[in-house]
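Student: I have just been handed a structure that is new to me. Could you walk me through it slowly?
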Amino acid sequence: MKKKIIIGIVLLAGVFCLIYFWNKYSYANEEDYFFSATKPEKGLQIGIIGDSWLVKQNLDSLVTKKLSDRGIQAEIYSSGNPGAKTKRIFENLFKEEGEEFSSKKIIEKKPDYCIVIAGVNDAATHVGSSFYAHHMMMIIKTLLHYNIKPVVISLPEFGIEEDFQNKNVVSEISNRGGELILNGGTPFKIQDYRNALLEELKSSGLDKKVTILNFDEVTTDFNKDRNLFADPLHLNKQGYQKFSEFLANGIVKLTSAQ
């Protein structure tokens with residue numbers, strides 16, 4: 001009887017681990033593009049999609065204000081999903097309006113540009129640079145299909161090592177195991193994720209169709225600029241002021257180049 005109980009526990013643990021790792025590391029399925037007959041509205045229209053970095057400090061309002069200060073009027077609409085990796089951010093583009101975290105409305109608005117702020121959660125969960133680059137490419141291709149110019153923020157600098165130290169035992173084992181299988185046991189660095197996306201863009205020929213805004217203009221080092229962060233994963237109020245300034249400057253350069 002005791003042997004059967006032990007076997008049952010082992011089997012349950014095995015099933016749990018299989019589901020956990022499948023949910024964490026599996027790639028998104030391709031989605032069929034939906035038909036959208038809406039016409040772009042007049043004036044500068046900007047969408048923003050991503051994770052919690054959009055919602056912590058009302059980023060869209062901050063950018064709108066900074067653009068207005070420069071004499072540029074723009075309508076900005078955003079859709080952020082706290083905790084989302086790039087896989088979920090891609091899937092959200094195809095969720096029907098009314099579903100939680102649906103960002104389909106961004107496509108339906110047909111903005112001139114769509115800013116993509118994503119990847120912090122990919123790096124924080126150590127899913128690997130290939131996972132990040134793959135799903136970023138799916139997002140980019142979707143936006144281009146609808147004639148929306150993708151503006152990608154390079155994976156932001158954050159406290160990747162400091163965040164790892166705060167992980168529970170399960171997450172720590174999962175992350176180390178992922179690095180062992182995906183990267184020979186070497187921890188992924190932020191630059192690994194950035195380089196993987198740049199290589200995918202270049203090899204696909206889409207590098208000329210996508211604008212990359214380098215987050216290094218905000219900060220290149222979490223430890224040197226901790227005054228900009230509320231915690232290892234998120235900016236604070238001061239950080240958002242600098243980040244929104246960076247985004248506004250990037251938009252000004254884009255619009256003036258047209």
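Tutor: Let us begin with a definition: axes are lines fitted to C-alpha atoms, for helices over the stretch in contact, and angles run from 0 to 180 degrees between N-to-C directions. Helices (H or I, at least four residues) and strands (E, at least two) are DSSP runs, numbered from the N terminus. This is a predicted model, in which local features need pLDDT of at least 70, side-chain atom pairs count only at pLDDT 80 or more, and totals for chains, interfaces and linings use all residues. Residues are numbered from 1 along each chain as its sequence is written, and side-chain values use heavy atoms, with hydrogens and water left out.

Student: Okay, so how do α6 and α9 cross?
Tutor: The axes of α6 (residues 129-145) and α9 (residues 190-204) come within 8 Å and cross at roughly 45°. That angle makes α6 oblique to α9, because angles under 35 degrees count as roughly parallel, over 145 as roughly antiparallel, 65 to 115 as roughly perpendicular and the rest as oblique.

Student: And which residues of α6 and α9 meet there?
Tutor: On the α6 side they include Tyr 132, Met 136 and Ile 140, and on the α9 side they include Tyr 193, Leu 197 and Leu 201, where contact means heavy atoms within 4.5 Å. The residues of this contact divide into nine nonpolar, two polar and two charged; here Ala, Val, Leu, Ile, Met, Phe, Trp, Tyr, Cys and Pro count as nonpolar, Asp, Glu, Lys and Arg as charged, and the others, Gly among them, as polar.

Student: Switching topic, what order do the strands of the sheet take?
Tutor: Five strands form an open sheet in the order β2-β1-β3-β4-β5, with parallel pairing; two strands pair if DSSP finds at least two bridges between them. Because β2 (74-80) and β5 (211-213) stand at the edges with a single partner strand each, one side of each is left without a neighbour in the sheet. On average, and with direction ignored, neighbouring strands of this sheet are turned by 20° against each other.

Student: How many bridges join β1 and β2?
Tutor: Strand β1 (residues 44-50) pairs with β2 in the parallel sense over seven bridges. Within that pairing, Gln 45 has Glu 75 in β2 as its bridge partner, and Gly 50 stands opposite Gly 80 in β2.

Student: Is β2 mostly covered or mostly open, then?
Tutor: β2 is mostly covered, since six of its seven residues are buried, where buried means under 20% relative accessible area, exposed over 50%, and partly exposed in between (1.4 Å probe, protein chains only). For the whole chain of 258 residues, buried residues make up 49%.

Student: How do α2 and α10 cross?
Tutor: The axes of α2 and α10 come within 9 Å and cross at roughly 55°, which makes α2 oblique to α10. Among the residues that meet are Leu 62 and Val 63 in α2, with Phe 243 and Leu 247 in α10. The residues of this contact divide into ten nonpolar, two polar and two charged.

Student: Last one: where is Lys 110, and is it buried or exposed?
Tutor: Lys 110 is found in the loop between α4 (104-109) and β3, and at 12% relative accessibility it counts as buried. Lys 110 also has a positive phi of about 50° although it is not a glycine. Most residues other than glycine have a negative phi.
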